[in-house]
Amino acid sequence: MSIWWSLHLRREAASVPLARRLLLGTMETAGVDPDISYDLSVALSEACANAVEHGGGTVHGAPSEAYRVTAYLDGEKCRIEVTDSGPGFASSPTLRPARADAEHGRGLYLIRELADHVHIGNKPGRGGTVVSFDKILKWREDAPLMAV
């Protein structure tokens, strides 16, 4: 069983819950365990929030007001990619816990804690950042689309 979808979203705060709800609905319909679905939805929300806040830039000389979210449920794994057109990273980001009272700086660390494998880097050959992460899926007993 494979399911994939891709969204081209505006860099607005309202796009974050939209992407999260679509992911949760897809996983619920497929029969993914709710705890796994929740972990991935929080990680997706953090990646989208970062794209909204930091993902601006220019594409072909014009300001970029969009970012892309792609989700793949393929066999026993879910992979999610969030791509923006921001400035990218000057060097590899350091993923360490933020202070308990910090209002910023937790997103990438949370993604790393909630997913099984995480890759964060610059888009090859052009500006922007790609955050991709995956997680091994667990299925409900009554899962209609369970991978076999």
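Three helices and seven strands make up the protein chain, and what we have on screen is a predicted model. If you read along the sequence, the order is β-α-α-β-β-β-β-α-β-β. The chain has 148 residues, and 41% of them count as buried. One more number for the whole chain: take the contacts with a separation of 6 or more, and residues 24 or more positions apart account for 65% of them.

Let's look at the helices, beginning with the pair that comes early in the chain. Helix H1 covers residues 15–30 and helix H2 covers residues 34–54. Their axes come within 9 Å and cross at roughly 155°. That angle is over 145 degrees, so H1 counts as roughly antiparallel to H2. The crossing of H1 past H2 is right-handed.

Who makes this contact? From H1 we have Ser15, Val16, Ala19, Arg20, Leu23, Leu24 and Met27. From H2 the list is Ser37, Tyr38, Leu40, Ser41, Val42, Leu44, Ser45, Cys48, Ala49 and Val52. Sorted by class, the contact between H1 and H2 has twelve nonpolar residues, four polar ones and one charged one.

Now please follow H2 to its other partner, H3. H2 and H3 pack with their axes 9 Å apart, at an angle of about 155°. This pair is therefore roughly antiparallel as well. The handedness here is left: H2 passes H3 in a left-handed crossing. On the H2 side, the contact uses Asp39, Val42, Ala43, Glu46, Ala47 and Asn50. On the H3 side, Gly107, Leu108, Leu110, Ile111 and Leu114 take part. By class, that contact of H2 with H3 has seven nonpolar, two polar and two charged residues.

Next, the inside of the protein. In soluble globular proteins, nonpolar side chains tend to be buried together. In this model, the largest nonpolar core has 36 residues. Which of them touch the most other members? They are Leu40, Leu44, Tyr67, Ile80, Val82, Phe133 and Leu137. The elements that each supply at least two residues to this core are strand E1 (2–10), H1, H2, strand E4 (66–74), strand E5 (77–83), helix H3 (107–114), strand E6 (117–122) and strand E7 (129–136). And which element gives the most? That is H2, with nine residues.

Leu44 is a nice residue to click on here. Setting aside neighbours within four places in sequence, Leu44 is in contact with Ala19, Arg20, Leu23, Val69, Ile80, Val82 and Phe133. Ala19, Arg20 and Leu23 belong to the H1 side of the H1–H2 contact, while Ile80, Val82 and Phe133 are among the core members with the most partners.

Let me stay on H2 for three more residues. Ser45 sits in this helix. Is Ser45 buried or exposed? With a relative accessible area of 13%, Ser45 falls under the 20% cut-off, so it is buried. Not counting residues up to four places away, Ser45 touches Val16 and Arg20. Looking towards H3, Ser45 and Ile111 are 66 residues apart along the chain, and their C-alpha atoms are separated by 9.3 Å.

Tyr38 also lies in H2. Its relative accessibility is 48%, so Tyr38 counts as partly exposed. Beyond its neighbours within four places, Tyr38 is in contact with Arg20 and Leu24. Tyr38 and Met27 are eleven residues apart in sequence, and C-alpha to C-alpha they are 9.6 Å apart.

The third residue of H2 is Asn50, which at 22% relative accessibility is partly exposed too. Apart from neighbours within four places, Asn50 is in contact with Gly55, Gly107 and Leu108. Asn50 and Arg11 are 39 residues apart in sequence, with 9.8 Å between their C-alpha atoms.

Let me finish away from H2, at Asp116. Where is Asp116 found? Look at the loop between H3 and E6. At 48% relative accessibility, Asp116 counts as partly exposed. Leaving out residues up to four places away, Asp116 touches Asp134, Lys135 and Ile136. Asp116 and Lys135 are 19 residues apart along the chain, and their C-alpha atoms are separated by 4.9 Å.

If you keep one picture from today, make it H2: this helix packs against H1, packs against H3, and gives the most residues to the largest nonpolar core.

Technical notes
Residues are numbered from 1 along each chain as its sequence is written. This is a predicted model: local features need pLDDT of at least 70, side-chain atom pairs count only at pLDDT 80 or more; totals for chains, interfaces and linings use all residues. Side-chain values use heavy atoms; hydrogens and water are left out. Axes are lines fitted to C-alpha atoms, for helices over the stretch in contact, and angles run from 0 to 180 degrees between N-to-C directions. Helices (H or I, at least four residues) and strands (E, at least two) are DSSP runs, numbered from the N terminus. Angles under 35 degrees count as roughly parallel, over 145 as roughly antiparallel, 65 to 115 as roughly perpendicular and the rest as oblique. A crossing is left-handed if the near helix is turned anticlockwise from the far one by less than a right angle, and right-handed if clockwise. Contact means heavy atoms within 4.5 Å. Ala, Val, Leu, Ile, Met, Phe, Trp, Tyr, Cys and Pro count as nonpolar, Asp, Glu, Lys and Arg as charged, and the others, Gly among them, as polar. A nonpolar core is a set of buried Ala, Val, Leu, Ile, Met, Phe, Trp, Tyr and Cys residues joined through side-chain atoms within 4.5 Å. Buried means under 20% relative accessible area, exposed over 50%, partly exposed in between (1.4 Å probe, protein chains only).
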